[in-house]
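Got the model open in your viewer? Here is a short walk through it, one selection at a time.

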Amino acid sequence: FTTDIANGGWDEDLAGIWVAKYEMSEENASVVSKPGVQSWCYITIGNAYSISLNYATDKESHLMKNSEWGAVAYLTHSQYGRNGHEIAVNESYNFSWTGGGPEEAYKENTDQSSTGNVYGIYDLSRGAGEYVASYITNNHDNLSKYGSSFATLTESTKYATVYTYDEENDDNSTNYEKYKESKETRYGDAILETSANGTGTNSWNRDGSYYPNSNSPFFMRGSAYYGSDSGIFNFCGQTGDDYVEVSFRTVLAF
């Protein structure tokens, strides 16, 4: 919540953020966050970015960033959340239900909540994977093809964070190591501090850790419904295309 934009911060100190309780869904051509509905999938990361940005401009709405996902992950893992107990997965097949079931099911599915009660954040593990406004600047065509609304920039903004990659190899492992060694290394986004390397199930709780590379320059968090390595510490690269298993989440700044 600091003014360090390059490290996922804002352009001024923030009192906090509001994070959508559920993955976003579509209702009457508008974006909403509510339980017991299908997550909004089949959407490119660029469209998710634009829709989130226009959701509530007076409240600085935006597509969730890696730093904000990290804040939620750490609070979930802390004594103020699950106190070290792994969050349960949303096992709804084909993204049928936000909150893990029909409209009122979230009241019973509190083991899927970030706080272990109905007041927490849901759909952080499985359900759909979630695009976040974070990417590597490797000049791949997918950056402009799927993320033209924001991913053509080579420096971070308060709405999106740019990450390092290895110009010679541009694969999961070498990109991760390049980021780890670079002056741009940042902590707080639940990547380096929670994973051993950039390829495999090497994040805390044996969650997946697949650093973006090549034609998959965008970060996705949480993993999709079929992922055995899903969880709040999961991260992987995605092309940015509109997949059936990838959704998004909107955040407000205040």
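The tour starts with the whole chain and then stops at single residues.

Before you click, note that this is a predicted model, in which local features need pLDDT of at least 70 and side-chain atom pairs count only at pLDDT 80 or more, while totals for chains, interfaces and linings use all residues. Residues are numbered from 1 along each chain as its sequence is written, and side-chain values use heavy atoms, with hydrogens and water left out.

**Whole chain, cartoon view.** Colour by secondary structure and you should find 4 helices and 10 strands. Helices here are DSSP runs of H or I with at least four residues, strands are E runs of at least two, and both are numbered from the N terminus. Going along the sequence, the order is β-β-β-α-β-α-β-α-β-α-β-β-β-β. Zoom out: the C-alpha atoms fill a box of roughly 50 × 35 × 35 Å along the principal axes. The radius of gyration is 17 Å, which agrees with the value near 18 Å for a compact globule of 254 residues. That radius is taken over C-alpha atoms, and the globule rule is 2.2 Å times the number of residues to the power 0.38.

**Whole chain, surface view.** Of the 254 residues, 57% count as buried; buried means under 20% relative accessible area, exposed over 50%, and partly exposed in between, with a 1.4 Å probe and protein chains only. The chain exposes about 10,900 Å², and carbon and sulfur atoms supply 45% of that area (Shrake-Rupley method, 1.4 Å probe; for residues, only the protein chains shown count as cover).

**Select Asn109.** Look in the loop between helix 2 (66-77) and strand 5 (129-136). Asn109 is buried, at 17% relative accessible area. Which backbone oxygen does the side chain of Asn109 reach? The oxygen of Gly99, at 3.0 Å. Not counting residues up to four places away in sequence, Asn109 touches Gly99, Gly100, Gly101 and Tyr122, where contact means heavy atoms within 4.5 Å.

**Select Leu143.** This residue belongs to helix 3 (residues 141-147) and is buried, with a relative accessible area of 6%. Show what is around Leu143: beyond neighbours within four places in sequence, its contacts include Tyr135, Ile136, Pro217 and Phe218. For a distance check, Leu153 is 10 residues along the chain from Leu143, and their C-alpha atoms are separated by 9.5 Å.

**Select Asp171.** You land in the loop between strand 6 (161-163) and helix 4 (172-181). Asp171 is partly exposed, at 31% relative accessible area. Draw a C-alpha to C-alpha line to Ser134, 37 residues away in sequence, and the distance should read 17 Å.

**Select Asn205 and Ser214.** Most residues other than glycine have a negative phi. Asn205 has a positive phi of about 60°, and phi of Ser214 is positive too, near 45°. Asn205 sits in the loop between helix 4 and strand 7, and the place of Ser214 is also in the loop between helix 4 and strand 7. Asn205 is partly exposed at 33%, as is Ser214 at 29% relative accessibility.

**Last stop, Asn234.** Is Asn234 buried or exposed? Buried, with a relative accessible area of 2%, in the loop between strand 7 (218-221) and strand 8 (235-238). A polar atom of the Asn234 side chain lies 2.9 Å from the backbone oxygen of Asp229. Leaving aside neighbours within four places in sequence, Asn234 is also in contact with residues including Asp207, Gly208, Met220 and Arg221.

How values were computed: A polar contact is a pair of N or O atoms within 3.5 Å; within protein, one must be able to donate a hydrogen and the other to accept it, and residues adjacent in sequence count only if both atoms are side-chain atoms.
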